Amino acid sequence: MNKPVVLVAEELSEAGLAVLGADFEVRHTDGADRSQLLPALAEVDALIVRSATQVDAEAIAAAPKLRVVARAGVGLDNVDVEAATKAGVMVVNAPTSNITSAAEQTLALILASARNTAQAHAALKNGEWKRSKYTGVELDEKVVGILGLGKIGQLVAQRLQPFGVELIAYDPYLPPARAAQMGVKLLSLEEVLKQADFITVHLPKSKETVGLIGDRELHQVKPSVRIINVARGGIVDEGALYSAIKEGRVAGAGLDVFSKEPCTDSPLFELDQVVVTPHLGASTHEAQEKAGTQVARSVKLALAGEFVPDAVNVQGGVVAEDVKPGLPLAEKLGRVFTALAGEVATKLDVEVRGEIASEDVRVIELAALKGVFTDVIEEQVTYVNAPLLAKDRGLTVELVTSSESPDWRNVVTVRGVLADGRQVSVSGTLSGPRQITKIVEVNGYEMEIEPTAHLAFFTYTDRPGIVGVVGRLLGEHGVNIASMQVARSTKGGNALIALTVDSAIPADVIDQIGSEIGAESGRSVDLEG
Ligand SMILES: NC(=O)c1ccc[n+]([C@@H]2O[C@H](COP(=O)([O-])OP(=O)(O)OC[C@H]3O[C@@H](n4cnc5c(N)ncnc54)[C@H](O)[C@@H]3O)[C@@H](O)[C@H]2O)c1
Ligand SMILES: O=C(O)[C@H](O)COP(=O)(O)O
């Protein structure tokens with residue numbers, strides 16, 4: 001059996017490679033070189049990148065087997081997440097791996113900009129002993145404006161406090177009370193521009209943020225302001241920044257990122273007031289070890305078909321330990337539901353009852369939805385594209401939760417209405433310390449079925465001899481019955497036979513049984529597939 005192929009398109013730490021271990025065929029390419037990247041994607045199951053590889057729709061289309069794109073870092077502006085989602089490809093990142101390093105690089109550039117460290121260093125190394133030229137400013141009692149008070153912005157705020165600064169910020173998505181807890185005053189962008197002696201950018205690159213600090217904004221700032229960008233190039237318009245510094249409207253800048261990277265010849269580099277570094281915010285051993293190991297673990301989970309907490313295009317949040325066993329159960333129930341229904345429902349309820357319902361169980365709904373489509377959709381169905389498949393088929397899905405449950409067992413139910421109004425339902429339980437799973441209800445009939453590899457269900461009108469026909473025909477075709485349960489609504493009324501068998505039942509045998517017992521429906525489900 002060939003090992004899954006993992007393509008590493010940018011530098012990944014040894015620790016990250018070690019986590020991948022021998023389970024995969026690890027290949028390497030230069031993600032920044034399209035002529036190398038695109039052909040290298042042909043057989044790839046997982047792609048690991050950083051910020052230099054453009055994982056756009058073209059790259060995703062060049063990777064027909066791709067199941068996960070793993071970004072060994074924070075920013076995802078180089079990944080077309082929408083295109084990946086449409087293709088059923090999970091996108092994961094390492095959201096906290098390098099935030100400390102980025103915050104520290106921010107402090108480094110703030111201080112280097114304030115004290116002209118880099119410029120004085122270069123002059124002295126060039127034999128020039130110049131002091132007054134490199135007179136700088138203190139941070140003490142200065143106002144620092146933070147654009148984007150998220151993970152890194154907050155770490156920067158914490159680290160700046162001992163310098164005796166006043167902290168203000170612009171972040172319309174953060175509650176003022178939260179900012180106040182950190183000793184930061186949330187203001188409008190205009191107010192921050194007007195008041196700040198230092199402006200530091202910690203925003204994601206988005207349609208909203210590109211050019212956020214442009215010519216108009218750089219006419220509103222103090223001429224003594226120093227602008228630091230360790231987030232993404234382009235958020236501060238580089239042409240506008242150049243003009244503002246040339247015209248004395250901005251005192252200086254510290255830049256770690258650029259609108260086009262790699263960047264070796266920007267006009268900004270001519271200016272003595274500008275200190276620059278080549279996107280080093282995450283370039284520490286510690287950050288790269290964390291980023292590498294975190295994404296490698298995510299790749300392993302994703303390729304094992306498991307839910308991945310750091311997935312950015314999968315609903316469901318972080319999965320609590322006691323919820324995890326509900327995922328394979330819900331997926332099996334979804335597959336059994338579709339087998340019983342014989343079509344995709346128009347409306348689906350996924351109900352979770354019991355103690356686990358007090359946790360975030362959205363991912364159980366997702367697992368059930370994945371199961372609903374698994375046996376009826378050609379393409380690979382994943383946690384990523386299952387919601388899109390539902391939307392495309394007009395299937396409305398609702399998650400219903402209740403901590404109440406008979407006999408305190410955790411029960412998952414997949415219940416749906418079909419186009420002709422028929423109702424179909426199947427429930428399963430997680431019970432005992434090992435959370436054993438059982439199917440306990442099918443279309444309202446109480447059952448006790450091990451969700452083993454091969455199941456079959458027949459609905460028919462209750463009358464003598466049916467069990468014998470089913471047993472005879474399966475026996476004639478060498479299919480051994482592991483368990484058989486019969487249930488009926490009333491004597492002579494609707495009835496259900498549920499079977500677990502040791503091997504898959506051929507479709508023609510299902511049809512033969514259905515015709516001999518005059519079944520209303522006969523379906524088999526092979527859960528191993
Ligand atoms: N230079 C580097 O090596 C390096 C390292 C890590 C991260 N980064 C960059 O830093 C960015 C921020 O990282 P983070 O982990 O702090 O992200 P985050 O998501 O935790 O924080 C981003 C903050 O920006 C705010 N925000 C989003 N859009 C906004 C807008 N239009 N106006 C104002 N505020 C807005 C959000 O509310 C959030 O609080 C990343 O997206 C990445 O691009 C760079
Ligand atoms: O968004 C990030 O994580 C940083 O910009 C780091 O990017 P890198 O992994 O290319 O250093």
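The following legends describe close-up views of a predicted model, covering its two ligand sites, a pocket, a cavity and two backbone features.

**View 1. The shell of residues around ligand 1 in the predicted model**. Ligand 1 is surrounded by 26 residues, and K151, I152, D171, V230 and D256 are the closest of them. Sorted by class, this shell comprises 14 nonpolar, 7 polar and 5 charged residues. Among the secondary-structure elements, the helices α5 (99-115) and α7 (151-160) each contribute at least two residues to the shell around ligand 1.

**View 2. Polar contacts of ligand 1 with V230, R232 and H279**. At V230, a backbone N or O atom is placed 2.9 Å from a nitrogen atom of ligand 1. The other two contacts shown involve side chains: a polar side-chain atom of R232 lies 3.2 Å from an oxygen atom of the ligand, and an N or O atom in the side chain of H279 is 3.4 Å from an oxygen atom of ligand 1. Taken alone, ligand 1 exposes 860 Å², of which the protein buries 87%.

**View 3. The surroundings of ligand 2**. The residues around this ligand are R50, S51, R71, A72, G73, V74, G75, N98, R232, H279 and A282, and by class they divide into 3 nonpolar, 5 polar and 3 charged residues. Two of the residues listed here, R232 and H279, also appear in the preceding view, where a side-chain atom of R232 and a side-chain atom of H279 each face an oxygen atom of ligand 1.

**View 4. Polar contacts of ligand 2 with R50, V74 and N98**. A polar side-chain atom of R50 lies 2.8 Å from an oxygen atom of ligand 2, and a polar side-chain atom of N98 is likewise placed 2.8 Å from an oxygen atom of this ligand. V74 contributes through its backbone, with an N or O atom 2.6 Å from an oxygen atom of ligand 2. On its own, ligand 2 has 320 Å² of accessible area, and the protein covers 90% of this.

**View 5. The second largest pocket, between domain 1 and domain 3**. This pocket has a volume of about 730 Å³, and of its 29 lining residues A304, G305, E306, K370 and Y383 are the closest to its centre. The elements α11 (285-303), α12 (326-341) and α13 (362-374) each give two or more residues to the lining, with α12 giving the most, namely 5 residues. By class, the lining of the second largest pocket consists of 14 nonpolar, 6 polar and 9 charged residues. Because domain 1 (5-96 + 286-304) and domain 3 (314-439) both give residues to this lining, the pocket lies between them.

**View 6. The largest cavity and its lining**. The count of cavities of 30 Å³ or more comes to 1, and the volume of the largest cavity is about 30 Å³. Its lining is formed by N229, V236, E238, L241, L255 and V257, a set that divides into 4 nonpolar, 1 polar and 1 charged residues.

**View 7. Backbone geometry at P262 and H279**. The peptide bond that joins E261 and P262 is cis, with omega about 0°, and P262 belongs to the loop between β11 (252-255) and β12 (274-276). H279, which is located in the loop between β12 and α11, has a phi near 50°, a positive value in a residue other than glycine. H279 is also one of the residues around ligand 2.

How values were computed
Residues are numbered from 1 along each chain as its sequence is written. Chains are lettered from A and ligands numbered from 1 in the order in which they are written. This is a predicted model: local features need pLDDT of at least 70, side-chain atom pairs count only at pLDDT 80 or more; totals for chains, interfaces and linings use all residues. Side-chain values use heavy atoms; hydrogens and water are left out. A residue is near a molecule or strand if one of its heavy atoms lies within 4 Å of it. A polar contact is a pair of N or O atoms within 3.5 Å; within protein, one must be able to donate a hydrogen and the other to accept it, and residues adjacent in sequence count only if both atoms are side-chain atoms. Accessible areas come from the Shrake-Rupley method with a 1.4 Å probe; for residues, only the protein chains shown count as cover. Helices (H or I, at least four residues) and strands (E, at least two) are DSSP runs, numbered from the N terminus. Ala, Val, Leu, Ile, Met, Phe, Trp, Tyr, Cys and Pro count as nonpolar, Asp, Glu, Lys and Arg as charged, and the others, Gly among them, as polar. On a 1 Å grid over the protein atoms alone, a cavity is a set of points where a 1.4 Å probe fits but cannot get out, and a pocket is an open set with protein on both sides within 12 Å along at least five of seven lines; lining residues have an atom within 4 Å of a point. Grid points are joined across faces, edges and corners, and a volume is the space filled by probe spheres set on the points. Domain bounds come from an automatic or database domain assignment.
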